[in-house]
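Dear colleague,

I am passing on to you the structure that we discussed. Please look through it first; my notes follow directly after it.

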Amino acid sequence: MTSLSDEDPDPTDALSAVPGAGTRRAPDRGLLRFCYGPMDCGKSTLALQIDHNHARQGRRGLLLVRHDRSGAPQITSRIGITRRAIEVGADTDVRQLVRQQWVAGRHVDYLVVDEAQFLSPVQVEQLAELADEVRIDVYCFGIATDFRSRLFPGARRLFELADELQPVQVDVLCWCGAPGRFNARVRDGEVLREGDTVVVADVVENAISSPAQTDFATLRYQVLCRRHFRLGDLGPGAGQRGQLRLT
Ligand SMILES: [Zn+2]
């Protein structure tokens, strides 16, 4: 009668200590969870940790990534851990990836999806379907907002559909010491407010149509608190802290 009693509560799950508001896991459903945070907050490390914890319990998972920063289909954490992953393309039907596993005789208990902000809304809906209809647990990791502080479309759909939303507790701080919340795109000491949203970290998509107008060498990101993001204030140490060069 208790829906959770026979379920795998994943006691070693690093994130399970903080349940999502109002969520109760139905016995016959998978869970769709979105863990989000600013750049460099350790999301990929956490993604790999979740995978490790589940695999250790004998569960079979699939690692998926959309636009991994390494450019290869793998989940790369900035602390140096890497695992091979399946690249999700713009038109990939995520359900099909699972079916291919079934066809190969492999069962899938869970999915770990990194860089999930880049999923299309339709792909997020496919993940929800996998959770609901074939009871796969889906752990998505990603950035919520782009450099303009607007939700990525994939992140927006995850906020709408996920059973659990989990801000990743981070030690990424703004230069002032406040929690870093926004990834500011900076060029020549200025916080940019307009432009293509596809450039994140060191990933440069070919969707940037006019490279002549974009000098990537001078483009970087800096994590800022909301106040300093609003003000465009990069702080006294601008140029050194909390930034990632594109090259
Ligand atoms: Zn600040």
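The notes below go from the whole chain to the sheet, its helices, the core and a few single residues.

Please bear in mind that this is a predicted model. The mean pLDDT of the protein chain is 80, and 74% of the residues reach at least 70. Two stretches call for caution. Residues 1–21 have a pLDDT under 50 throughout, and the model gives them 27 contacts beyond four places in sequence. The pLDDT is likewise below 50 over residues 240–247, a stretch with 23 contacts in the model beyond near neighbours in sequence. Where pLDDT is low, predicted coordinates should not be read in detail.

Overall composition

The protein chain contains five helices and 12 strands. Of its 247 residues, 36% are buried. Among contacts with a separation of 6 or more, 74% are between residues 24 or more positions apart.

The sheet

Six strands form an open sheet in the order β5-β2-β6-β7-β1-β8, and their pairing is parallel. The edges are formed by β5 (86–87) and β8 (164–167), each of which pairs on one side only. In general, the strands of a sheet pair through backbone hydrogen bonds.

Strand β2 (61–65) has β5 and β6 as its neighbours in the sheet order. Five bridges link β2 with β6 in the parallel sense, and Leu63 stands opposite Val112 of β6. Towards the edge, β2 is joined to β5 by two bridges, again with the strands running parallel; here Leu64 has Ile86 as its bridge partner. Four of the five residues of β2 are buried, so the strand is mostly covered.

Further along, strand β1 (residues 32–36) runs parallel to strand β7 (residues 137–142), and five bridges join them. In this pair, Tyr36 stands opposite Gly142 in β7.

Helices across the sheet

Two helices can be placed against these strands. Helix α1 (residues 43–56) lies across β1, β2, β6 and β7, and its direction makes an angle of about 160° with β7. Helix α4 lies across β1, β7 and β8, running at about 130° to β1.

Leu161 offers a view of the α4 side, as this residue belongs to that helix (residues 153–161). Not counting residues up to four places away in sequence, Leu161 touches Leu32, Val124 and Ala128. The C-alpha atom of Leu161 is also 9.3 Å from that of Phe34, although the two residues are 127 residues apart along the chain. Is Leu161 buried, exposed or partly exposed? It is partly exposed, because 15 other C-beta atoms lie within 10 Å, whereas a buried residue would need 20 or more.

The nonpolar core

Which residues touch the most other members of the largest nonpolar core? Within this core of 55 residues, they are Leu64, Leu111, Val112, Val113, Val138, Tyr139 and Cys140. The core takes at least three residues from each of domain 1 (32–167) and domain 2 (182–245). In soluble globular proteins, nonpolar side chains tend to be buried together.

Leu111 shows how the strands meet in this region. Apart from residues up to four places away in sequence, Leu111 touches Gly61, Leu62, Leu64, Ile136, Val138 and Tyr139.

Individual residues

Gln96 is part of helix α2 (residues 94–103). With 9 other C-beta atoms within 10 Å, Gln96 is exposed, since the limit for that class is 12 or fewer. The C-alpha atoms of Gln96 and Gln126 are 9.6 Å apart, while the residues are 30 residues apart in sequence.

Two residues other than glycine have a positive phi. For Arg135 the value is near 60°, and this residue sits in the loop between α3 (121–134) and β7. Arg135 counts as partly exposed because it has 16 C-beta neighbours inside 10 Å. For Ser149 phi is near 70°; this residue lies in the loop between β7 and α4. Ser149 is partly exposed as well, with 16 other C-beta atoms within 10 Å.

With kind regards

Methods. Residues are numbered from 1 along each chain as its sequence is written. Two residues are in contact if their C-beta atoms, placed from the backbone, lie within 7 Å. Two strands pair if DSSP finds at least two bridges between them. Axes are lines fitted to C-alpha atoms, for helices over the stretch in contact, and angles run from 0 to 180 degrees between N-to-C directions. pLDDT is the predictor's confidence in each residue, from 0 to 100. A nonpolar core is a set of buried Ala, Val, Leu, Ile, Met, Phe, Trp, Tyr and Cys residues joined through C-beta atoms within 7 Å. Domain bounds come from an automatic or database domain assignment.
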